[in-house]
Amino acid sequence: MHGFLASSIGVTCAAALALPLTPPAVAATARPAPTTEAATAARPAPHAGTPDKSLTSRRAAEPYAPGSTQSLPLEHLTRDRATPTAPEQGLTPRAVRHFSLVGVVWDDPAAELHGRVQVRTRAAGTGTWSGWQDVETHNGDHAADPDTPERAFGVRGATAPLWVGDSDGVELRVRSAPESAADDSADHATGTRNLPAAPPLPSGLRLELVDPGDDAPPPDASAAGLRADGLRAAGLAGGNSVATEASAVNARLAPLGAFAIRALNRTETERASLALDAGELTEQQRAKPYAGPRPSIVTRRGWGADEGLRERGFRYTKKVKAAFVHHTASGNNYRCSQSPSLIRSIYRYHVKSMGWRDIGYNFLIDKCGKIYEGRAGGVARPVLGAHTLGFNSNSMGIAVLGSYGSKKPSSASIRAVARLTAWKLGLYGVNPRGKTYLTSGGSNLYRKGKKVRLNVISGHRDGFITECPGRKLYSKLGSVRSKAAQYQGR
């Protein structure tokens with residue numbers, strides 16, 4: 001994705017805005033119909049823009065609330081007289097139910113939004129309006145590979161999500177613009193400048209406002225697992241729920257219902273790696289496994305994943321030969337204590353707004369260096385993600401929460417990427433300093449079927465023409481490779 005820069009270019013003017021006293025009605029978002037009855041049963045129901053219960057009653061009855069999504073169709077706005085040909089849509093200032101993350105979606109996932117998306121929000125409690133912030137529009141490079149079941153139906157085009165914090169008011173403007181000023185031309189005979197026509201905006205534009213729900217129990221509350229009564233309260237009793245399913249795939253690493261998978265030292269990790277044998281190690285690798293110490297990983301239960309949102313079951317690739325590093329382009333204005341809420345919001349945005357089967361990334365890392373389990377299926381297994389269009393097979397995707405085009409990533413987050421890659425690649429006998437070959441599933445950089453030689457630890461831009469993971473994070477990947485190799489004892 002192109003580098004994200006949250007810029008404040010407006011002036012706070014809450015007193016001058018007349019807002020409706022109650023939130024507007026929220027329209028339902030229709031999805032294309034699945035092609036089979038089995039597909040219908042497998043996919044989560046499309047969101048209707050309003051929660052199933054009132055927030056008040058639900059939050060009083062449950063340890064934490066699963067969140068909700070408001071989906072608002074965009075309206076045509078008055079065109080700027082200076083550029084009368086530029087299509088513009090958006091929303092005038094309005095009060096809405098509480099939300100913390102925003103994004104814009106549209107009907108056709110193959111369509112691109114060429115232009116600028118800007119939003120400003122009203123902080124809940126204070127009534128203070130933010131300045132205008134840019135939302136990263138180039139997000140199509142994070143997706144399931146072409147011709148895969150995940151892209152078969154119900155998928156939408158979308159911007160990157162933007163974290164704005166607890167808010168209850170919003171204003172949006174979306175303006176089409178040519179992709180490059182290089183298209184400009186001039187008529188030298190008349191001295192006039194011919195501006196390229198603005199491309200049309202994608203159809204079906206909607207603003208998605210995501211409420212992550214109340215915070216889950218703290219990840220360190222019970223690293224050893226839960227008692228039987230705790231399992232029932234968490235919906236993990238009986239062995240048949242999706243929550244049990246998501247936790248059970250990590251059963252060889254942590255007890256059922258654990259909020260976190262504990263870290264291991266080097267010796268413990270080598271023993272555990274040989275027992276797992278996830279990558280069908282050779283005899284030489286068994287003798288010297290080069291296993292990086294296993295880092296602590298917050299489970300999906302730990303960050304409060306609502307397992308009822310995603311598609312049932314798991315999908316796997318053959319092995320993990322490479323790791324692609326990303327940034328979420330969701331902005332840097334979050335506290336580390338808010339990381340679980342941010343991840344729940346991204347998860348809900350990926351599934352309910354964009355139509356994916358689960359969150360796209362295999363792992364997420366916050367700026368304090370805490371590692372979180374991403375897509376369900378087991379942290380030690382080769383889970384097929386939707387992170388690097390064209391190269392999701394035989395790879396894993398690691399997203400650092402934030403935007404790193406101009407912002408330097410924290411040392412803690414870089415160290416966490418190195419520790420995670422050292423451990424996970426070590427399970428499959430892979431050298432973090434090495435090269436590997438992946439077969440492209442089709443991207444804007446490599447045609448489908450082409451074998452591509454890549455660094456084992458690559459940035460998203462190595463497989464797709466994109467700014468992701470941001471210039472500042474991408475420049476740190478050499479250090480990540482070296483540190484990961486050192487953690488493996490190479």
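Alanine 329 lies in the loop that runs between strand 13 (322-327) and helix 8, and this residue is a convenient place to enter the structure, which is a predicted model. The phi angle of alanine 329 is near 55 degrees, a positive value in a residue other than glycine. To see what is notable here, it helps to recall that most residues other than glycine have a negative phi, and that most peptide bonds are trans. Alanine 329 has a relative accessible area of 0%, and is therefore counted as buried.

A second residue of this kind is asparagine 394, whose phi is near 60 degrees, again a positive value in a residue other than glycine. Asparagine 394 sits in the loop between strand 15 (371-373) and strand 16 (395-400). Its relative accessibility is 18%, and because buried means under 20%, asparagine 394 counts as buried. The backbone also holds a cis peptide bond, which leads from cysteine 468 to proline 469 and has omega near 10 degrees. Proline 469 belongs to the loop between strand 19 (457-459) and helix 10 (471-474).

With these backbone details in mind, we can step back to the whole chain. The chain has eleven helices and 19 strands, and of its 490 residues, 53% count as buried. If we consider contacts between residues at least 6 apart in sequence, 78% of them join residues that are at least 24 apart.

Individual residues show how such distant parts of the sequence come together. Isoleucine 261 has its place in strand 11 (residues 260-261), and with a relative accessible area of 0% this isoleucine is buried. Leaving aside residues up to four places away in sequence, isoleucine 261 touches Asn250, Leu253, Ala254, Arg294, Pro295, Ser296, Ile297, Thr299 and Val379. For one of these partners, threonine 299, the C-alpha atom is separated from that of isoleucine 261 by 6.8 Å, although the two residues are 38 residues apart along the chain.

Glycine 355, in the loop between helix 8 and strand 14 (363-365), gives another example. Glycine 355 counts as buried, since its relative accessibility is 0%. Its C-alpha atom and that of glutamate 150 are separated by 8.6 Å, while along the chain the two are 205 residues apart.

Is glycine 115 buried or partly exposed? Its relative accessible area is 28%, so glycine 115 is partly exposed. This glycine is found in strand 4 (residues 115-123), and, not counting residues up to four places away in sequence, glycine 115 touches Thr137, Arg175, Ser176 and Ala177. Glycine 115 and alanine 198 are 83 residues apart in sequence, yet 8.5 Å apart in space, C-alpha to C-alpha.

We turn next to the aromatic rings. A pair of aromatic rings is described by the distance of the centres and the angle of the planes. The count of aromatic pairs comes to four when ring centres must lie within 6.5 Å. In one of them, tryptophan 303 and tyrosine 347 meet edge-to-face, with 5.5 Å from centre to centre and 80 degrees between the planes. Tryptophan 303 lies in helix 7 (residues 300-303) and tyrosine 347 in helix 8 (residues 339-353), so this pair ties together parts that are 44 residues apart in sequence. Both tryptophan 303 and tyrosine 347 are buried.

The rings of phenylalanine 314 and tyrosine 316 have their centres 6.5 Å apart and their planes at 55 degrees, which means that the pair is tilted. Phenylalanine 314 has a relative accessible area of 22% and is partly exposed, and tyrosine 316, at 30% relative accessibility, also counts as partly exposed. Elsewhere, ring pairs link Phe324, Phe391 and Tyr446 into a cluster.

Finally, we come to the packing of two helices. Helix 9 (residues 411-427) and helix 11 (residues 477-487) pack at an angle of about 50 degrees, with their axes 8 Å apart. The two helices are therefore oblique to each other, and helix 9 passes helix 11 in a right-handed crossing. Which residues of helix 9 and helix 11 meet? From helix 9 come Ile414, Arg415, Val417, Ala418, Arg419, Thr421 and Ala422, and these meet Val480, Lys483, Ala484 and Tyr487 in helix 11. The residues of this contact divide into seven nonpolar, one polar and three charged.

How values were computed
Residues are numbered from 1 along each chain as its sequence is written. This is a predicted model: local features need pLDDT of at least 70, side-chain atom pairs count only at pLDDT 80 or more; totals for chains, interfaces and linings use all residues. Side-chain values use heavy atoms; hydrogens and water are left out. Axes are lines fitted to C-alpha atoms, for helices over the stretch in contact, and angles run from 0 to 180 degrees between N-to-C directions. Helices (H or I, at least four residues) and strands (E, at least two) are DSSP runs, numbered from the N terminus. Angles under 35 degrees count as roughly parallel, over 145 as roughly antiparallel, 65 to 115 as roughly perpendicular and the rest as oblique. A crossing is left-handed if the near helix is turned anticlockwise from the far one by less than a right angle, and right-handed if clockwise. Contact means heavy atoms within 4.5 Å. Ala, Val, Leu, Ile, Met, Phe, Trp, Tyr, Cys and Pro count as nonpolar, Asp, Glu, Lys and Arg as charged, and the others, Gly among them, as polar. Buried means under 20% relative accessible area, exposed over 50%, partly exposed in between (1.4 Å probe, protein chains only). Rings of Phe, Tyr and Trp (its six-membered ring) pair if their centres lie within 6.5 Å; planes under 30 degrees apart count as stacked, over 60 as edge-to-face and the rest as tilted.
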